[in-house]
Amino acid sequence: MVNENVLAAIRSALHSGADPARGAGAQAYMKSSMPSLGVRVPDVRSTVKAAAAAYPFASADELRATVLTLWRGADYREERYAAIDLTGLRLVAGDLAMLPVYAEIIRSGASWDFVDGVAHRLCALLQAHRQEVTPVLLGWSADADFWFRRASITAQLAAKDQTDTALLARVIEPNMADPEFFIRKAIGWALREYAKTDPGWVVGFVERHGQSLSPLSRREALKNLSVR
């Protein structure tokens, strides 16, 4: 069962707030064949919150079905952003049944904005279900699709002192030699974020791996530290 009222409210509000000139610029920036309406991200989020409040979901299953319907039927990028925002509702917080939804978003989205959009959701799932989610992320870290590998690396960006450093190392190490920019950037980003919590661990990791880390990953990892 899909919450048609939520879908209609989101689509209507997004189209009402469209800015064609800004949308053209956003599409050019993303180098995407999918057009943009030109609605700002904060406005997308407020639209989703308002729709969900006005037409509450009856169950987690209804929410998941609505997310996938909005995602799959999207004609504009903001509709996909809205689908991702719906996954942040409390009804599915910590729900393992969301993993296949995130996997579909990663595989069919195949873009940094969509992949990074589910990073916080993966982090919450990992905190709630370490035993189940850890092997999934380890599997993703070796996936042929580099977007899954990026997701495995960025999945703990918000974990702070709850970061599983053994897992962080295990998802980074198989990807250090990858020449893909989005992987090298993700490695540096993940390390830089954790350096805010435990700079010593990050410095030690970088020193241990020496030249195995790309210059980009190393530079990003140590960006806010005195070590270079």
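Contact here means heavy atoms within 4.5 Å. Keep that in mind as you click around, and remember that this is a predicted model.

**Stop 1: serine 214**

Select serine 214, in the loop between helix H13 (199–209) and helix H14 (215–221). Leaving aside residues up to four places away in sequence, serine 214 touches Met176 and Arg184. Is serine 214 buried or exposed? Its relative accessible area is 4%, so it counts as buried. Now add serine 217 to the selection: the side chains of serine 214 and serine 217 are joined by a polar contact of 3.0 Å.

**Stop 2: the aromatic pairs**

Next, show the aromatic side chains. Across the whole structure, a search turns up eight aromatic pairs. Start with tryptophan 147 and phenylalanine 182: their ring centres are 5.0 Å apart and their planes sit at 45°, so this pair is tilted. Which helices do the two rings come from? Tryptophan 147 belongs to helix H10 (residues 146–154) and phenylalanine 182 to helix H12 (residues 181–195), so the pair ties together parts that are 35 residues apart in sequence. Colour by accessibility if your viewer can do it. Tryptophan 147 is buried at 8% relative accessible area, whereas phenylalanine 182 is partly exposed at 24%.

For another geometry, go to tyrosine 194 and tryptophan 201. Here the ring centres are 5.6 Å apart and the planes make an angle of 80°, so the pair is edge-to-face. Both tyrosine 194 and tryptophan 201 are buried.

Before moving on, select Phe146, Trp147, Phe181 and Phe182 together; these four form one aromatic cluster.

**Stop 3: helix H10**

You already have one end of H10 on screen, so show the rest. How many of the nine residues of H10 are buried? Eight of them are, and the helix is mostly covered. The buried residues are Trp147, Phe148, Arg149, Arg150, Ala151, Ser152, Ile153 and Thr154. To see what covers them, switch on the neighbouring helices: the cover includes helix H6 (99–109), helix H7 (112–117), helix H8 (119–128), helix H9 (130–140), helix H11 (165–172) and H12.

Now zoom in on aspartate 145. This residue caps the N-terminal end of H10, with a side-chain oxygen 2.9 Å from the backbone nitrogen of tryptophan 147.

Further along, select serine 152, which lies in helix H10. Serine 152 has a relative accessible area of 3% and is buried. Its side chain reaches the backbone oxygen of arginine 149 at 2.7 Å. Not counting residues up to four places away in sequence, serine 152 touches Leu137, Trp140, Ser141 and Val171.

**Stop 4: H4 beside H6**

Move over to helix H4 (residues 60–72) and H6. Their axes come within 11 Å and cross at roughly 5°. That makes H4 roughly parallel to H6. To look at where they meet, select Arg64, Val67, Leu68, Trp71 and Arg72 in H4, then Val101, Glu104, Ile105, Ser108 and Gly109 in H6.

Keep tryptophan 71 displayed and add arginine 80. The charged end of arginine 80 sits over the ring of tryptophan 71, 4.0 Å from the ring centre. Bring in phenylalanine 114 too: the charged end of arginine 80 also sits over that ring, 5.9 Å from its centre.

**Stop 5: two lysines with positive phi**

Some background on backbone angles: most residues other than glycine have a negative phi. Now select lysine 31, in the loop between helix H2 (20–30) and H3. Its phi is near 50°, a positive value in a residue that is not glycine. Lysine 31 counts as exposed, at 77% relative accessibility.

Then jump to lysine 160, in the loop between H10 and H11. Lysine 160 is not a glycine either, yet it has a positive phi of about 50°. With a relative accessible area of 58%, lysine 160 is exposed.

**Last stop: alanine 50**

Finish at alanine 50, in helix H3 (residues 41–54). At 47% relative accessibility, alanine 50 counts as partly exposed, since the exposed class takes residues over 50%. Add asparagine 5 and draw a distance between the two C-alpha atoms: alanine 50 and asparagine 5 are 45 residues apart along the chain, and their C-alpha atoms are separated by 12 Å.

Conventions: Residues are numbered from 1 along each chain as its sequence is written. This is a predicted model: local features need pLDDT of at least 70, side-chain atom pairs count only at pLDDT 80 or more; totals for chains, interfaces and linings use all residues. Side-chain values use heavy atoms; hydrogens and water are left out. Rings of Phe, Tyr and Trp (its six-membered ring) pair if their centres lie within 6.5 Å; planes under 30 degrees apart count as stacked, over 60 as edge-to-face and the rest as tilted. Helices (H or I, at least four residues) and strands (E, at least two) are DSSP runs, numbered from the N terminus. Buried means under 20% relative accessible area, exposed over 50%, partly exposed in between (1.4 Å probe, protein chains only). A charge sits over a ring if NZ of Lys or CZ of Arg is within 6 Å of the ring centre and within 35 degrees of the ring normal. A polar contact is a pair of N or O atoms within 3.5 Å; within protein, one must be able to donate a hydrogen and the other to accept it, and residues adjacent in sequence count only if both atoms are side-chain atoms. Axes are lines fitted to C-alpha atoms, for helices over the stretch in contact, and angles run from 0 to 180 degrees between N-to-C directions. Angles under 35 degrees count as roughly parallel, over 145 as roughly antiparallel, 65 to 115 as roughly perpendicular and the rest as oblique.
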